[in-house]
Amino acid sequence: MFEMNRRTFLKVSAGATAAAAAAPSVLRAMENELGGKDIGPVTMAERQAIPLTCHVCNIQDGAIAFVEDGRIVKLEGNPEHVSTRGRLCAKGNAGMWYTYNPDRVLYPLKRVGARGEGKWKRISWDEALAEVAEKVNAAHKQDPNTIMMKYGRDRTGGAIGRFITTLGSATVVNHTSVCESSKKIGMQPTWGPDIETPDFENTKYILNFGSNIMEAAYFHNPYAQRITEGVAENHAKLVTFDTRLSNTAGRSDEWIPVLPGTDGAVALAIGHVILREDLQDTDFIDTWCNVSTAELKKHYKQFTPEWASKLSGVPVETIERIAREFAQTKPATTYTYRGPAKHLYGSYNEKATMMLSIMTGNVEKRGGYCLPRGMGYNQPEPMPPKPAKASYLASHPDYPLAEHKVSHMTPFWIAEGKQKINVYFTYMDNPVYTNPGAQAVWGKLFRDEKLIPYYVSISTVIGEETALADIILPDCMYLERWEPESMPNSLWPWLGIRQPVIKPLGETRETRIILRDLIHKIDPNGSKGMKKYWNFKDGEDYMRQQFDTIPKLKEAGGLDFLKKHGCWPIYGKLNPRTGKISDNTGREIQAEFGLHMKELSAADMAGATVDGHGTIRKNGNAIGVRRNGRNFVGFGTHDRLINIRVEEWAKYGFNPMPTFKQIPWHKELKDDELILGTHKFNVHVQSRTASVKWLAEIAHSNPVWLNTETAAKIGVKTGDLVRVESAVGHLVTKAYVTEGIHPKSCTIATGCGHWEYGRLSTLNLKNGPEFGGTDDADLNNVWWEDKGVHPNVIIPAVVDPIGGSQGWFDTVVKVTKAGPDDKYGDAEGDWEKHHAAAKQTMRYAYTGDLHRKMHPEMASWGGAGSVKED
């Protein structure tokens with residue numbers, strides 16, 4: 001860290017004097033250029049600027065790192081990036097403090113005490129790789145599927161999947177079920193992609209269900225920019241249904257509080273009014289959907305505003321007014337994120353909300369609800385073959401529609417013997433903190449060496465999960481590694497890269513290299529047929545194999561172009577007057593719409609057939625749809641139509657049409673019961689930012705939000721200690737009393753309350769750095785004493801039987817004044833109670849005859865009994 005002494009003080013003083021003399025011209029130049037350059041305040045020399053893709057969160061904003069004397073000194077937005085247009089959020093601006101985290105792990109570590117005891121010894125890479133290879137070889141001989149990989153966000157460009165597949169294992173599990181899987185499964189069978197990209201900038205009406213898009217939702221930087229432009233410049237109306245007055249709700253024209261889990265009922269009732277009053281786009285429905293307008297009207301008759309009002313608390317007149325406004329304002333769009341989807345029946349909710357844009361014909365129109373625009377990249381050849389047999393954890397027959405998206409049930413399934421594990425790998429994951437049950441469930445799993453005999457963590461820091469590992473392989477930070485990127489976060493597709501802006505600190509290696517070296521140790525001479533899939537010199541060579549063969553990019557220079565610009569294509573220049581991208585004529589660039597109406601060529605149609613529904617097939621695959629004598633690409637579904645009726649859902653006993661199911665344990669809430677939710681701060685991600693000093697200083701405590709009416713009943717005010725108790729545990733925290741939350745709801749922010757993840761996260765500031773880092777003098781200036789309380793230990797596992805999502809917003813709690821034995825920060829959960837709760841929610845979810853046949857053991861689980869399927 002920078003230290004001030006007499007010599008450096010004089011140097012800085014002299015530099016400051018020179019800077020003051022030159023400041024007017026320098027500042028004027030930098031202001032006019034809207035970023036891309038930076039000047040050192042001491043030397044007045046232009047700093048080295050290196051473009052990259054940010055990775056503080058998963059949005060993947062275009063960024064520029066400024067380097068001086070081999071040190072990263074500043075991060076800002078890349079003005080050539082079409083999606084983020086030269087802007088970074090606060091998290092992105094603070095990203096360099098990941099690299100200079102004094103508590104990051106800089107060399108391989110081996111556990112020498114009991115798991116979780118915190119005793120480690122430094123070992124060499126040769127020792128680490130040899131030990132892990134020995135364990136993997138033994139597991140592979142017994143059964144490749146006993147080798148498991150669980151990851152959070154895989155930003156390695158396919159290396160994680162390549163590694164586990166090379167080993168012949170199908171046991172790979174991601175984090176999606178604790179994030180957005182029910183949103184994905186709610187959308188994907190309906191129109192093809194598992195996400196949407198609304199044209200907020202050009203819309204006139206935005207109907208937002210449960211998304212805090214201004215600060216914490218998916219794609220919040222590019223989307224927040226365009227919502228702001230839509231509202232400020234295009235005079236769009238923004239209406240938000242949310243249980244909490246989020247920053248987005250607070251900046252909306254209307255915030256409409258809704259009982260958690262009932263967004264779908266409100267959306268269905270809005271649809272009822274639209275169809276009842278003949279405000280739908282009949283031509284669009286009858287042309288592009290697999291259900292006619294007449295069928296849709298008949299189906300929606302049951303979803304009256306009166307019915308939805310009783311469930312949600314939203315007044316009938318409000319539902320009817322919003323329905324008319326939305327249908328009669330063109331163009332318009334809906335948007336959702338976790339609010340509707342993170343429930344027991346989240347996929348039903350997601351389907352119900354997207355139907356509003358579909359029935360009003362606002363799909364793929366300027367200002368409407370648009371398909372995502374993404375670009376792919378290649379994988380180095382050859383690719384390893386698929387594993388020989390399936391793994392329970394990845395295919396889980398309990399949830400056939402959710403595929404590999406039910407990771408939060410993993411501890412219970414392993415404990416029940418459904419999947420044996422010999423070697424457990426983890427990458428960019430921390431379920432001991434981020435998943436339901438937290439330390440009570442995942443912590444117990446990792447401490448049990450019979451269930452997890454050997455645990456390898458590929459990590460940058462010792463978080464709550466890594467603290468329980470047997471060996472730590474130190475990954476390098478995102479500013480030190482190579483990774484490919486492409487995100488559909490605007491209406492212009494792009495490719496981007498992360499590239500090292502400085503050399504990796506200490507002995508850290510990027511994940512792709514760690515995995516390559518491990519495979520080479522397992523199969524040194526190639527006799528096992530593994531080594532050939534890992535034929536690259538370094539991260540840059542791997543990336544060249546991914547990018548240098550892409551048409552048009554290859555002609556532009558391939559990876560060398562991306563190293564210079566950070567992204568491709570370059571659609572134009574950032575206009576200093578508008579803050580938008582302009583083409584070479586000075587006009588704002590325009591997006592393409594109507595992607596589903598692109599016509600197939602004669603070559604496409606050669607040898608194709610057309611069935612009775614108009615679906616065009618070639619070689620057994622649907623390639624388009626015929627409408628009015630013309631052959632269109634259509635949508636990415638099995639028949640190239642929007643599937644309002646999803647037959648695959650019906651096959652497994654679920655309602656194939658838009659519907660709503662109330663969460664059973666919400667039906668009769670007692671007067672002293674609330675529904676607990678969680679939310680994010682705008683400066684924090686799920687678990688990795690509490691160690692970033694700029695961000696931790698801004699937000700570090702997370703009281704429970706209580707409505708004023710609720711707080712009055714239990715006799716508490718802001719700052720008072722309260723006990724929050726669920727069926728599986730309790731915690732003690734502070735109250736924040738506000739009118740900005742539904743009276744039957746309460747919520748606690750995530751991102752706080754760490755017990756691992758370094759000294760700043762835990763506020764255990766007495767000791768120095770343990771694992772090779774250089775200390776940070778700013779840790780002597782930490783003025784706050786409250787690290788917050790993490791809520792996940794009292795949140796039970798709930799699984800949407802369709803989409804697999806965790807029901808983050810379904811937990812029923814009682815909030816009372818803290819008792820004499822309660823202490824701030826108490827947080828306890830019980831494995832047995834969590835396990836019983838998980839079984840109970842499965843009993844509620846699986847209600848049809850098919851599911852009773854799949855789960856005869858349900859009869860012994862006790863509890864609520866059968867709930868008739870819609």
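E277 is partly exposed, with 29% of its relative area accessible in this predicted model. Its partner in a salt bridge is R276, and the closest N and O atoms of the two are 3.1 Å apart. R276 has a relative accessibility of 43%, so R276 also counts as partly exposed. Both values fall in the partly exposed range because that class runs between 20% and 50%.

Why can such a contact form? Side chains of opposite charge can pair when their charged atoms come close. How many salt bridges does the model contain? The count comes to 58, and two further pairs show how the partners can sit with respect to the surface.

One of these pairs is R509 and D517, whose side chains meet with an N to O distance of 2.7 Å. Are the two partners buried or exposed, or in between? R509, at 25% relative accessibility, is partly exposed. D517 has a relative accessible area of 14% and is buried, because the limit for that class is under 20%. In this salt bridge, then, a partly exposed arginine is joined to a buried aspartate.

The other pair is R645 and E647, which form a salt bridge with N and O 3.8 Å apart. This distance still counts because the cut-off for a salt bridge is within 4 Å. R645 is partly exposed at 23% relative accessibility, and E647 is partly exposed at 48%. Salt bridges can also share partners: in this way R155, D475, R481, E483, E485 and R498 are joined into one network.

R155 of that network leads on to the largest pocket, since R155 is among the residues that lie nearest the centre of this pocket. The others named there are D154, Y377, S486 and M487. In total, 30 residues line the largest pocket, and the space within it is about 750 Å³.

What kinds of residue make up this lining? By class, nine are nonpolar, 13 are polar and eight are charged. Among the elements of secondary structure, helix α6 (181-191) gives at least two residues to the lining, and so does strand β15 (483-485).

Where does the largest pocket lie with respect to the domains? Domain 1 is made of the segments 107-174, 406-483 and 512-525, while domain 2 covers 181-359. Both domains contribute residues to the lining, and therefore the largest pocket lies between them.

Terms used: Residues are numbered from 1 along each chain as its sequence is written. This is a predicted model: local features need pLDDT of at least 70, side-chain atom pairs count only at pLDDT 80 or more; totals for chains, interfaces and linings use all residues. Side-chain values use heavy atoms; hydrogens and water are left out. Buried means under 20% relative accessible area, exposed over 50%, partly exposed in between (1.4 Å probe, protein chains only). On a 1 Å grid over the protein atoms alone, a cavity is a set of points where a 1.4 Å probe fits but cannot get out, and a pocket is an open set with protein on both sides within 12 Å along at least five of seven lines; lining residues have an atom within 4 Å of a point. Grid points are joined across faces, edges and corners, and a volume is the space filled by probe spheres set on the points. Helices (H or I, at least four residues) and strands (E, at least two) are DSSP runs, numbered from the N terminus. Ala, Val, Leu, Ile, Met, Phe, Trp, Tyr, Cys and Pro count as nonpolar, Asp, Glu, Lys and Arg as charged, and the others, Gly among them, as polar. Domain bounds come from an automatic or database domain assignment.
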